[in-house]
Amino acid sequence: MIPAAFEYVRAHSIDEAIAHLQQHGGDARVLAGGQSLIPAMRFRLARPAVLVDINSVRDLSYLRASDGVLEIGATSRDSDVERAGWIGDRRWSLIHDVSRVVADPVVRQMGTVVGSLCHNDPSGDWTTAALASRAEVVVRGKAGARTVPIDEFLVDSFTTAVGEGEMAVAARFPKPDDRTAGSYQKIERKVGDFATAAAAVQISLNADGTVRAAGIALSAAGPCALRVDEAERLLVGREPRDETIRAAADAASRRSAPQADLRGGVDYKKHLAGVLVARGLRQALARLGARA
Amino acid sequence: MKIHVTINGAAYERDVEPRTLLVHFLRDDCGQTGTHVGCDTSSCGCCVVVVDGDRAVKSCTMFAVQADGREIRTVEGLADGGTLHPLQQAFWDQHGLQCGYCTPGMLLTAYALLKHNPAPTDADIREGLAGNLCRCTGYQNIVKSVQQAAGTLGHPSAATA
Ligand SMILES: Cc1cc2nc3c(=O)[nH]c(=O)nc-3n(C[C@H](O)[C@H](O)[C@H](O)COP(=O)(O)OP(=O)(O)OC[C@H]3O[C@@H](n4cnc5c(N)ncnc54)[C@H](O)[C@@H]3O)c2cc1C
Ligand code: FES
Ligand code: FES
């Protein structure tokens, strides 16, 4: 189908984009990769009156590691992350895994990491990884920039902390130390499908092999990506042995609150949440050379 | 809205509605009907074109106005006069197509893939083409075709051998 008519403006700077967004308020939407917005407009699920295209904004396409943070600019594509030279380092294994399973390889050449966070699909992959990594989003408005922790950024299905007249300019992922690894586990019906269930895991070990920090999150398990705090608490301070992994997996199953749909029923998806958290923990530990 | 787009090296200036999808612009406004439409859900990859040299894009999931000032390559722009592009020749040689409906998208996706990865493994090719659906070939010969083209492009002298 053809989208409803709209007005198109192309911004060349962040200030220009924000001026357009301020002027049009709730009628305007940012156009980033367009890989969620354009399909939604074709189905007339979205009918924005104005699109502010940020793809020509200078200095928004970058992956920058500094001050212990990896910053991903708002027009960096999923494929930029997938192809980055440093991505093979096990510290980045969670976001590397995600960059290879979001959507399909062509969609990834347009779709952006920040756009995915802003879209906040209940079955999104980047949102889930951002929770497990304890990422932040930099939001700019007329008054300047604020940095929003991901738990506050993801408000509800398709709703974020980005207000009217504002835009997200970057996502910030804390740089993991060298005793950190992660894993993204996703069950999909076919390449390019949203998750039936998925789990993001990131784990940091102390020198004595006990867990220093853990990030565990689920996709397709509620109104938006879900942190499993109980599983994180269970892991921290303990040696990541089999019984602890099983307890964390059980906590994930209990916490998961999926909807039944063509991809599967509630019980099946809750079961998958536990299986995927356990698999993710085992793979992250294997990447660290540690045995569960 | 007036836009200037370079398609296969030729300049096109047209007046389009912002809601015009790039694929419809190519087919209906510019008469370049080699780019196909196979679905309504951004899922099939039939419509893939290459934007600015090395980015494969589903032209059903981009507005024509976004292409203003950019370079688009479509299947019509692969051959050099009467000489098929190595990818086209390889699809011919290896029976990489049957009905041909998916082929323009396969060719352009593979074109961008080889720009980034000139010596792909079979697994790289399968992963790279995972967003392109083919209902006929079973993919086997498409992988062989891309592999042959990678060889030809990597060793230009082999093309005549
Ligand atoms: C076939 C297909 C399969 C897919 N499969 C998956 C999948 O498996 N997992 C998954 O997670 N996603 C999937 N997606 C979605 C894809 O990853 C999108 O690219 C992503 O969700 C949105 O990123 P985008 O840059 O394309 O954003 P757009 O589509 O441009 O924007 C999405 C929304 O976010 C807003 N927005 C974007 N950028 C900003 C910004 N900087 N500031 C403020 N608001 C902004 C827009 O206004 C819009 O409301 C799929 C898409 C397709 C077409
Ligand atoms: S027509 Fe199917 S993906 Fe574009
Ligand atoms: S050759 Fe018929 S769909 Fe691929």
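## Pocket lining, ligand 1 and a hairpin

User: By class, how many nonpolar, polar and charged residues are in the lining of the second largest pocket?

Analyst: This is a predicted model. The lining holds 23 residues. By class they are 7 nonpolar, 8 polar and 8 charged.

User: How much space lies in the second largest pocket?

Analyst: The centre of this pocket draws on both chains: E82(A), R108(A), D124(B), E127(B) and G128(B) are the closest lining residues. The space in the second largest pocket is about 620 Å³.

User: Which helices each supply at least two residues of the lining of the second largest pocket?

Analyst: Chain A offers one helix of this kind, and chain B two. Each supplies at least two lining residues. They are α3 (78-83) of chain A, and α3 (103-116) and α4 (122-128) of chain B.

User: Between which chains does ligand 1 lie?

Analyst: Around ligand 1 there are 30 residues. Those that come nearest are V30(A), G34(A), S36(A), L37(A) and T112(A). Even so, the ligand lies between two chains, A and B.

User: Which residue has a side-chain N or O atom 2.7 Å from a nitrogen atom of ligand 1?

Analyst: Take the ligand's oxygen contacts before its nitrogen. A polar side-chain atom of R29(A) lies 2.8 Å from a ligand oxygen. A backbone N or O atom of L37(A) lies 2.7 Å from a ligand oxygen. For the nitrogen atom, the side-chain partner at 2.7 Å is D125(A).

User: What share of the area that ligand 1 exposes when taken alone is buried by the protein?

Analyst: Taken alone, ligand 1 exposes 960 Å². The share of that area buried by the protein is 94%.

User: Which element gives the most residues to the shell around ligand 1?

Analyst: In chain A, β2 (28-31), α5 (113-119) and β10 (167-174) each supply at least two shell residues. By class, the shell divides into 14 nonpolar, 12 polar and 4 charged residues. With 5 residues, the element that gives the most is α5(A).

User: In which sense do strands β6 and β7 of chain A pair, parallel or antiparallel?

Analyst: β6 covers residues 136-141 and β7 covers residues 144-149. The two strands form a hairpin with 2 residues between them. They pair over 6 bridges, and the sense is antiparallel.

User: Which residue in β7(A) stands opposite V139(A)?

Analyst: β6(A) and β7(A) are the two strands of the hairpin. Opposite V139(A), the residue in β7(A) is R146(A).

How values were computed. Residues numbered from 1 in each chain as written. Chains lettered and ligands numbered in written order. Predicted model: local features only at pLDDT ≥ 70, side-chain atom pairs only at ≥ 80, totals over all residues. Heavy atoms only, no water. 1 Å grid on protein atoms, 1.4 Å probe; cavity = no way out; pocket = protein on both sides within 12 Å on 5 of 7 lines; lining within 4 Å. Points joined across faces, edges and corners; volume = space filled by probe spheres on them. Helix = DSSP H or I, 4+ residues; strand = E, 2+ residues; numbered from the N terminus. Nonpolar A, V, L, I, M, F, W, Y, C, P; charged D, E, K, R; others polar. Near = heavy atom within 4 Å. Polar contact = N/O pair within 3.5 Å; in protein donor to acceptor, adjacent residues only side chain to side chain. Areas by Shrake-Rupley, 256 points an atom, 1.4 Å probe, with all protein chains shown as cover. Pairing = 2+ DSSP bridges.
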